[in-house]
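Dear colleague,

I am handing over a structure that you have not worked with before. Please find it below, followed by an account of what was found in it.

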Amino acid sequence: MATNERSFSGFQVNRSLLAGGAVLTGIGALFGTAGAVMVCAALATAGREWMRRLDTPPTAMAQRALHEAKVASSAGWEAWRTEHHSPN
């Protein structure tokens, strides 16, 4: 048996190959993490620029949408109430 292999009940592991694989996996994980950070930074920057260029701030857009939803809900409720409570 070679010195870089160890046997555990017939299961032989080449330690140098295992160590090399672990090192390459670690390096790959670092590159993957760095790439993910770069993607997130690019998306965050683009999002901030997009929001800065909007004519209407997002909070105003949300308030307008909420107001429109309330008006539509009231109109629907009034139409339903009128239809179901009117004499036939």
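In which helix do R52 and E49 both lie, and how many residues apart are they? Both belong to helix α1, which covers residues 15-53, and they are three residues apart, about one turn of the helix. Please note that this is a predicted model.

**Overall layout**

The protein chain contains two helices and two strands. Following the sequence, these elements appear in the pattern β-β-α-α. Of the 88 residues in the protein chain, 0% count as buried. The accessible surface of the protein chain amounts to about 7700 Å², and carbon and sulfur atoms account for 66% of this area.

An unreviewed UniProt entry annotates residues 20-44 as a "transmembrane region". In the model, residues 20-44 are 100% helix and 0% strand. The C-alpha atoms at the two ends of this span are 36 Å apart.

**Salt bridges**

Side chains of opposite charge can pair when their charged atoms come close. How many salt bridges does the structure hold? There are three salt bridges in the structure.

One of them joins the side chains of R52 and E49, with a distance of 3.1 Å from N to O. E49 also forms a salt bridge with R53, where the closest N and O atoms are 3.8 Å apart. E49 and R53, like the previous pair, both lie in helix α1; they are four residues apart, about one turn of the helix.

How exposed are these side chains? R52 has a relative accessible area of 58% and is therefore exposed, the cut-off being over 50%. R53 is likewise exposed, with a relative accessible area of 67%. E49, which takes part in both of these salt bridges, has a relative accessibility of 30% and counts as partly exposed.

Helix α2, residues 58-85, holds E78 and R81, which are three residues apart and so separated by about one helical turn. These two residues form a salt bridge with 2.7 Å between the closest N and O atoms. E78 counts as partly exposed at 36% relative accessibility, and R81 is also partly exposed, with a relative accessible area of 36%. As for salt bridges that share partners, these join E49, R52 and R53 into one network.

**Aromatic pair**

A pair of aromatic rings is described by the distance of the centres and the angle of the planes. The structure holds one aromatic pair. W77 and W80 form this pair, which is stacked, with 5.3 Å from centre to centre and 25° between the planes.

Where do W77 and W80 lie relative to one another along the chain? Both are in helix α2, three residues apart, and therefore about one helical turn separates them. W77 is exposed, with a relative accessible area of 53%, whereas W80 is partly exposed, with a relative accessible area of 43%.

**In brief**

To recapitulate, helix α1 carries the residues E49 and R52 as well as R53, and shared salt bridges join E49, R52 and R53 into one network. Helix α2 carries E78 and R81, which form a salt bridge, together with W77 and W80, which form a stacked aromatic pair.

With kind regards

Notes. Residues numbered from 1 in each chain as written. Predicted model: local features only at pLDDT ≥ 70, side-chain atom pairs only at ≥ 80, totals over all residues. Heavy atoms only, no water. UniProt positions renumbered as here; feature names shortened; annotations may be inferred. Salt bridge = Lys/Arg side-chain N within 4 Å of Asp/Glu carboxyl O. Buried < 20%, exposed > 50% of the residue type's maximum accessible area, 1.4 Å probe, protein only. Areas by Shrake-Rupley, 256 points an atom, 1.4 Å probe, with all protein chains shown as cover. Phe/Tyr/Trp six-rings, centres within 6.5 Å; stacked < 30°, edge-to-face > 60°.
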